[in-house]
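Here's a quick walk through one model, going from how a helix sits on its sheet to how the pieces around it fit together. Have a look at the structure first, then read on.

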Amino acid sequence: MIGSLKGTVASLTPECCLLETAGGVGYRVFMPAAQLQKLAIGQETRVLTYTAVREDAILLYGFLNQQDYDLFTLLLGVSGVGPKGAIGILSSVKPGDFYLAVQSRDIKALTKLPGIGKKTAERLILELKDKVGTLEGRAADEEFASLVAQQRGGAVEQAMEALAALGYAGSEIQPVLRRIPDYGRLGRDELIRKALQIFAQR
């Protein structure tokens, strides 16, 4: 089984990319739409891969990060969900939001995903509700860290520093900020105000 590929993007389609390795071999890799949009022809990249073996073909599915790969493999364990369906879900929702929908038993949110009707949504909740806790935490941590890194010195980092100056520990600041809806779009003062409200409710 091929675990990962590193190479140059030779071509792109709405469903896949052709990744050419240093040895001159081109691999067609199917990927979520949101990740394909991050690639450009001529760009060097590395993808984590999953090999799906069918009677008529051997297909490669690729992911730019571990959390998308983890959700993909988790979905394949659900009866009735195949690689194509799993890619469709990943093209429409972030892993953290999917895990939250499962844990909160939000059938309405799940049925908005492509190919997911009410019965499939109920099956996703039934089969995954006890498995997503650890993955949800990891996905949320990675998303938060990525946002802080991208907005170095931005509102979130400033709010963290201000809350730390008020005596709150770093280990409790991050989970509280993550609970604030659209925390990545809010200003420093609003983040601090909402975080203090959450701390006060404890």
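Let's start with H3, which lies across strands S3, S4 and S5 and runs at about 20° to S5. Keep in mind that this is a predicted model.

What do the strands under H3 belong to? Five strands close into a barrel, in the order S1-S2-S3-S5-S4, with mixed pairing. From one strand to the next, the twist averages 55°. H2 packs on the sheet too: it touches strand S4 (44-53) and S5, and its direction makes about 10° with that of S4.

Zooming in on one seam of the barrel, strand S3 (residues 26-30) pairs with strand S5 (residues 58-63) in the parallel sense, over two bridges. If you want a spot to click on, try valine 29, whose bridge partner in S5 is leucine 60.

Here are the two helix-on-sheet arrangements side by side:

| Helix | Strands involved | Angle |
|---|---|---|
| H2 | touches S4 and S5 | about 10° with S4 |
| H3 | lies across S3, S4 and S5 | about 20° to S5 |

Now for the helices themselves. Two packed helices are described by the angle between their axes and the distance between the axes. For helix H2 (residues 66-76) and helix H3 (residues 83-90), the axes come within 9 Å and cross at roughly 135°. That makes H2 oblique to H3, because only angles over 145 degrees count as roughly antiparallel. The crossing of the pair is right-handed.

Which residues do the touching? On the H2 side they are Asp68, Leu71, Phe72, Leu75 and Leu76, and these meet Pro83, Ala86, Ile87, Ile89 and Leu90 of H3. By type, the contact of H2 with H3 has nine nonpolar residues, no polar ones and one charged.

Asp68 turns up again in the surroundings of another residue, glutamine 35, which is found in helix H1 (residues 33-36). Is glutamine 35 buried or exposed? With a relative accessible area of 4%, glutamine 35 is buried, so it falls under the 20% cut-off. Leaving out residues up to four places away in sequence, glutamine 35 touches Gly62, Phe63, Leu64, Asn65 and Asp68.

Stepping back, the protein chain holds ten helices and five strands. Of its 202 residues, 40% count as buried. As for contacts between residues at least 6 apart in sequence, 52% join residues at least 24 apart.

Technical notes
Residues numbered from 1 in each chain as written. Predicted model: local features only at pLDDT ≥ 70, side-chain atom pairs only at ≥ 80, totals over all residues. Heavy atoms only, no water. Axes fitted to C-alpha atoms, helices over the stretch in contact; angles between N-to-C directions. Helix = DSSP H or I, 4+ residues; strand = E, 2+ residues; numbered from the N terminus. Parallel < 35°, antiparallel > 145°, perpendicular 65-115°, else oblique. Left-handed = near helix turned anticlockwise from the far one by under 90°. Contact = heavy atoms within 4.5 Å. Nonpolar A, V, L, I, M, F, W, Y, C, P; charged D, E, K, R; others polar. Pairing = 2+ DSSP bridges. Buried < 20%, exposed > 50% of the residue type's maximum accessible area, 1.4 Å probe, protein only.
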